[in-house]
Amino acid sequence: MVKKTIKRFVNKILTGKRQHDGPLILTRGQHKIDIRLVSRHAVKVCEVLQHSGFQAYIVGGAVRDLLAGMAPKDFDVVTNATPEQIKPLFRRARIIGRRFRLVHVVFGREIIETSTFRTVSDKNTITDEHGRVLRDNMFGTHEEDAARRDFTFNALYYDPLTEQVIDYHNGVEDLNKRIVRMIGDPETRYREDPVRMLRALRFASKLDAEIEPKTMAPIKRMANLIKNVPSSRMVDELIKALTCGNGMDCLNAIIYVGMDQHVLPLIKEALSTNSGEEFIELSLSRTDHRIYTGKPVSPSYMFAALLWPLVTKKQQELISQGEHTVQALNSAADIVISRQMKILPLQKRILADMREIWFMQPRFEKVNARSIYRMLEQPRFRAAVDFLQMRAATKEVDSVQAQWWMDLANADDQSREDLIKSVSPRRRNVRKRRRRRPRKRTVTTDQNSVD
């Protein structure tokens, strides 16, 4: 008993210090966050709010990623100021949201999402018949805000002015141990927001972590609740899950808990097709690589890859029935997209880009100059070439041909001209046939009619 007490005391000294019975406070020397990696606009929002007499902290995923040694994608700020108090403090700010009212503070292309401390859900919170929170604009204290957040390592607050990390639920310890742990009763929290189940799988994949048994236990049983989430939010969360940096592991986790039938109903079928698993794994691996190298990722490209094995399978069936290759591809795309849309509708912009990437694939087989120049003018040309490369890697098309198109995509104007000339069929030097002059018609006169 004495040894355990001493060990807890030593750990507190090593990791940080608690103020009475309050949160754990970590200083700059303890948490090692480099302030240069923090968005200057997020720092500005905190500075303005604090100078106006409010509390303000960077919160959630940004703090988690900074502590884990990752570069955050975005920065959120939380404060005890209400949306109506926040908005006048900034030149470009707007209040948004119905379920959660918050403020978007705009700095050029960067948006700092600024919310007010929320209280924990109670009997006055508006929910649906499944327990999902529909509206939650009850403001609370800093401690209450920490209690209503989902996972312990997401309930971390960073003050960029004092450079302190505030931890109410031992989130730093869970992050160091790579444990995904729900704050509060997991089943209740999943009913409040079913997306938390998908987020648990995403964080486990992203951080190479384990989901704590109590947090994991209800997910398989409650996975069907995900279908009650609005489709627009579900698509956004699915994109985040598959672009977490370890996409294939996350996809396998989604399939394992049975959530795929509510978000990606065709994925098992796609994985079971000939070379389908290899193609999807390759596409997600390349997506991971783009994320780690700081390159943008296109959701349209990702969904196009996930559904492509089914499109090609259906296309071959239609061709065997006598349909033309291009028309069969068009029909196959319509059938596959229609099946996906019945479960989880995708945005029209995503669908349009997917179709463009798919329908450009047969056109790569044409190598005459006119068709090549037309291809270069297409806005999704580069994405379609990358897609062609994946098809070549899985032996679906000729690798030499795919490499030629990649060289063309990477070439400058003069090199492109040379590449096109090297493969375009030369015009035959056909001798022009002279146009015959029309023969003059001779008019014969009847001698008898001449005077």
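## Strands β3, β10 and β11

Strand β10 (residues 156–159) is buried on both faces: L156 and Y158 point one way, Y157 and D159 point the other way, and all of these residues are buried. The model described here is predicted.

β10 pairs with two strands. Strand β3 (residues 56–59) runs antiparallel to β10 and is joined to it by two bridges; in this pairing I58 stands opposite Y158. Strand β11 (residues 164–167) is also antiparallel to β10, with four bridges between them, and here D159 stands opposite Q164. Four residues lie between the strands of the β10–β11 hairpin, in which E163 takes a positive phi near 60 degrees.

## The largest nonpolar core

Which residues touch the most other members of the largest nonpolar core? They are I58, W358 and F387, in a core of 99 residues. Helix α17 gives the most to this core, with eleven residues.

The surroundings of I58 can be listed with its neighbours within four places in sequence left aside. I58 is then in contact with L156, Y157 and Y158, residues that belong to β10. The other contacts of I58 are V38, A42, C46, V63, F75, D76, V77 and P160.

## Helix α17

Helix α17 covers residues 299–320, 22 residues in total. Its first and last C-alpha atoms are 32 Å apart, close to the 32 Å expected at 1.5 Å a residue.

Where does α17 bend? The bend is at L307 and amounts to about 45 degrees; the proline P309 follows within four residues. After the helix comes G322, which has a positive phi near 100 degrees.

## Helix α22 and the second core

Helix α22 (residues 399–410) has twelve residues, so at 1.5 Å a residue it should span 16 Å. The end C-alpha atoms are 16 Å apart, in agreement with that value.

Six names make up the buried set of α22: A402, W404, W405, M406, L408 and A409. What do these buried residues pack against? Their partners are three helices, namely α20 (369–376), α21 (381–393) and α23 (413–423).

L408, one of the buried residues of α22, is also a member of a second nonpolar core, which is separate and has 17 residues. I372, M375 and V385 are among the other members of this second core. By residue number, I372 and M375 fall within α20 and V385 within α21.

Notes: Residues are numbered from 1 along each chain as its sequence is written. This is a predicted model: local features need pLDDT of at least 70, side-chain atom pairs count only at pLDDT 80 or more; totals for chains, interfaces and linings use all residues. Side-chain values use heavy atoms; hydrogens and water are left out. The expected span of a helix is 1.5 Å times one less than its number of residues. The bend at a residue is the angle between axes fitted to the seven residues ending there and the seven starting there. Buried means under 20% relative accessible area, exposed over 50%, partly exposed in between (1.4 Å probe, protein chains only). Contact means heavy atoms within 4.5 Å. A nonpolar core is a set of buried Ala, Val, Leu, Ile, Met, Phe, Trp, Tyr and Cys residues joined through side-chain atoms within 4.5 Å. Two strands pair if DSSP finds at least two bridges between them.
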